[in-house]
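These are my notebook entries on one structure, written down in the order in which I looked things up. I begin with a pair of strands and work outward from there.

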Amino acid sequence: MSPVGPFAERGPAPAVGVTEGSIPGLRGAPVRTPVRTSGVQTGPALWPAIAGRMLTRQMWIELYGLPGYALTLAAGKAVAFAATPRDFRPVDPAPGKAVLGGRFHLAGTHMEAEAPADPFNRASPSKAFATDLHAFAWLPSLMLQEDRGAREAVRLTLAWAEAFARWSPFAWDPQILARRTFHLACAARRMGAVATEAERLRLADVLGRQARQLLRPPGGLAGKAERLVAAALAGCVLAGPPGQRLRKAALGRLTGALRVTVFGDGGHASRSPEAGLELLLDLLSLNDALSQLSEPVPEAVAGAMLRLTTALRLQTLPDGRLTGFQGGGPSTAARVAAARAHDDQTEGQGSAAGAVGGLTRIRSPLLTIVADTGAPGRGAWSETACAQPLALEIVCGKDRLVTGCGWTPRAADRQGLRLAPGHSTLTLGEQSFAEPLGGWKGELLGPRLFGRTYACSVEQRDGDQAVWLEVEHDAWAVPYGLLHQRRLYLDQRLDELRAEERLHPSPDHRDAVRVIAAPYAVRFHLEPGAQASLARDRRSILLRGHSGRGWWFRTDGPDVAIEPSVHVEDGLTRRSLQVVVRGSARTDAETKIRWKLSPAGAAGDPT
């Protein structure tokens, strides 16, 4: 296998990897796929959000930081636990066993803090580590270590409460607080069973304070449903009137939050399939807790679960994992299976076709293609959004061959992978039309995606053993006056995908003066471990996934190369490859690039 293309300089083949460096202004992106900043100006459009956030943030910091504020969270102390909600997520016992030995392995790093040491009141090796530590991401695994693990969980929880009894911006951050409350609620009753009477009362008080804080600002619209689910779950766990009041308040607000978070087709408002999966798993835990109390599940909760489950069928690929778009990773087959365990329609997993949440899926017996045919989230929902119009994922059999770089919020230092070169789509001029907010604006509002909006059009026709999908967007219309149209023809009889990338002048942007031509690059990122070999004709590439089955990629593009790429998984970066088709497109004429993917082994295969 040669990683160099036909137009590379003569010499030793470069190592398949990524050199250190970053895109100017976009820290963490590989220099192998350079992108010039688009010069997007935030202008006055963000002023209201910036002013509002600055005023309210300082107000809550001043209010919640008052010495007597903690007393307002102690009203109606619970003295016992009621429900024992089940967290349906599969759990690896290894991290919990390590915690018993004083080793915390979180977010790809570790810290030594053997009992009776306090891991919270010391410097963490990274911000991601600190986030998982304070979110109690270690707790589910620790609870698998029987009574010894439960006793250590009690000690660590009370140690955290001792150090962070008073509100602080990081430890009590709404997102971190929601996950910590959720994990504590699922473990509280078992922890109480091994605790002393004083410790049990303290645990109930700590859980109640966390849940009551979740019902108060700040927090924002994005993530509101997740916060209210955690508060309602704590209300199910705490016995008596305190739990009842918490439950009533949280469930009362949850209806409105789910209405704006879960679309009618089951798509999550962030357009991240993984976000929808995680919300479904949270709702399943809430449903379980309410059932233990013999209380009816609110109609809004049941409806959201049904819609999210329906969407999950389309978002699950034949390998059992999720399709990865808009800041959502593939998750794991075990996690997806846990979320679908209650689904009556588990037959033919990964065989569905249709559209959900701005994603369109077509399939043949061996090929599954998912295209991003929607615009990214806006405003508060854009913190995980990606500027990658018409991005593709292609699964051949159960091999996920063509995918993206896999960016998720856990890779906060790789923001450049949220742009078009980070997924399998076309880029024009090696330039982005949108960028994540950085600097003080990003610190204030989060890394929202800001830039020119674009519109997508979708047309699908089904024929006799064939599917035709035609999608188009206008993201390149302002800088280059061109529309990008991606035409996909799937021959279901031959398991063959024929495609055409078409750049043509936009009728609404003909009068502007522009450069006469712009370079384009059509990228096809490969799953880590996938192999790619360039044939002698310099136009064909043999692809092999983990199963070893071969697929031929052919194109009539002028320059075809196999280049290094990266793939982010659970916040950690791995090496991978990408097939890149390069050329130049005139801004006053039509340009077409055709490519095809077909099974290897047929007559007439390239050599």
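**Entry 1: a pair of strands and their sheet**

I started with strand S18 (residues 550–555) and strand S21 (residues 591–599), which run antiparallel and are joined by five bridges. For the word "pair" I keep to the rule that DSSP must find at least two bridges between two strands. Helices (H or I, at least four residues) and strands (E, at least two) are DSSP runs, numbered from the N terminus. Within this pairing, I found that Phe553 has Leu597 in S21 as its bridge partner.

Before going on, I noted that this is a predicted model, in which local features need pLDDT of at least 70 and side-chain atom pairs count only at pLDDT 80 or more, while totals for chains, interfaces and linings use all residues. Residues are numbered from 1 along each chain as its sequence is written, and side-chain values use heavy atoms, with hydrogens and water left out.

I then looked up the sheet, which is open, has eight strands in the order S11-S12-S13-S14-S21-S18-S17-S16, and shows antiparallel pairing. Strand S11 (456–463) and strand S16 (531–534) stand at the edges with a single partner strand each, so one side of each is left without a neighbour in the sheet. From one strand to the next the twist averages 15°, where axes are lines fitted to C-alpha atoms, for helices over the stretch in contact, and angles run from 0 to 180 degrees between N-to-C directions.

**Entry 2: strands S3 to S6**

Next I followed the chain through strand S3 (residues 354–356), which pairs with S4 in the antiparallel sense over three bridges. The two form a hairpin with two residues between them, and Gly357 in the turn has a positive phi of about 55°. Gly354 has Arg361 in S4 as its bridge partner.

Strand S4 (residues 359–363) is in turn joined to S5 by five bridges, and these two run antiparallel. A hairpin of three residues links S4 to S5. I noted two positions along this pairing: Leu359 has Asp372 in S5 as its bridge partner, and Ile362 stands opposite Ile369. On its other pairing, S5 meets strand S6 (residues 392–396), antiparallel again and over five bridges, with Ile394 in S6 as the bridge partner of Ile369.

Why is S5 largely enclosed by the rest of the structure? I found that six of the six residues of S5 (residues 367–372) are buried, so the strand is largely enclosed; buried means under 20% relative accessible area, exposed over 50%, and partly exposed in between (1.4 Å probe, protein chains only). In a regular strand the side chains alternate between the two faces of the sheet. In S5 both faces are covered, with Leu367, Ile369 and Ala371 buried on one side and Thr368, Val370 and Asp372 buried on the other. For S4, four of the five residues are buried, so this strand too is described as largely enclosed.

**Entry 3: helices H7 and H8, and Thr181**

I turned to helix H7 (residues 197–214) and helix H8 (residues 224–237), whose axes come within 9 Å and cross at roughly 145°. Where they meet, Leu207, Ala211 and Leu214 in H7 are in contact with Arg227, Ala230, Ala231, Ala234 and Val237 in H8, contact meaning heavy atoms within 4.5 Å. The residues of this contact divide into seven nonpolar, no polar and one charged.

Thr181, found in helix H6 (residues 174–194), led me back to these two helices. Not counting residues up to four places away in sequence, Thr181 touches Leu207, Gln210, Ala211, Leu214, Ala230 and Ala234. Its relative accessible area is 0%, so I entered Thr181 as buried.

**Entry 4: Cys405**

My last look-up was Cys405, in the loop between strand S7 (399–403) and strand S8 (426–428). Is Cys405 buried or exposed? At 2% relative accessibility, Cys405 counts as buried. Leaving aside neighbours within four places in sequence, Cys405 is in contact with Leu417, Gly422, His525, Ser565, Val566, His567 and Val568. I also noted that the C-alpha atoms of Cys405 and Ser270, 135 residues apart along the chain, are separated by 18 Å.

Note on methods
Ala, Val, Leu, Ile, Met, Phe, Trp, Tyr, Cys and Pro count as nonpolar, Asp, Glu, Lys and Arg as charged, and the others, Gly among them, as polar.
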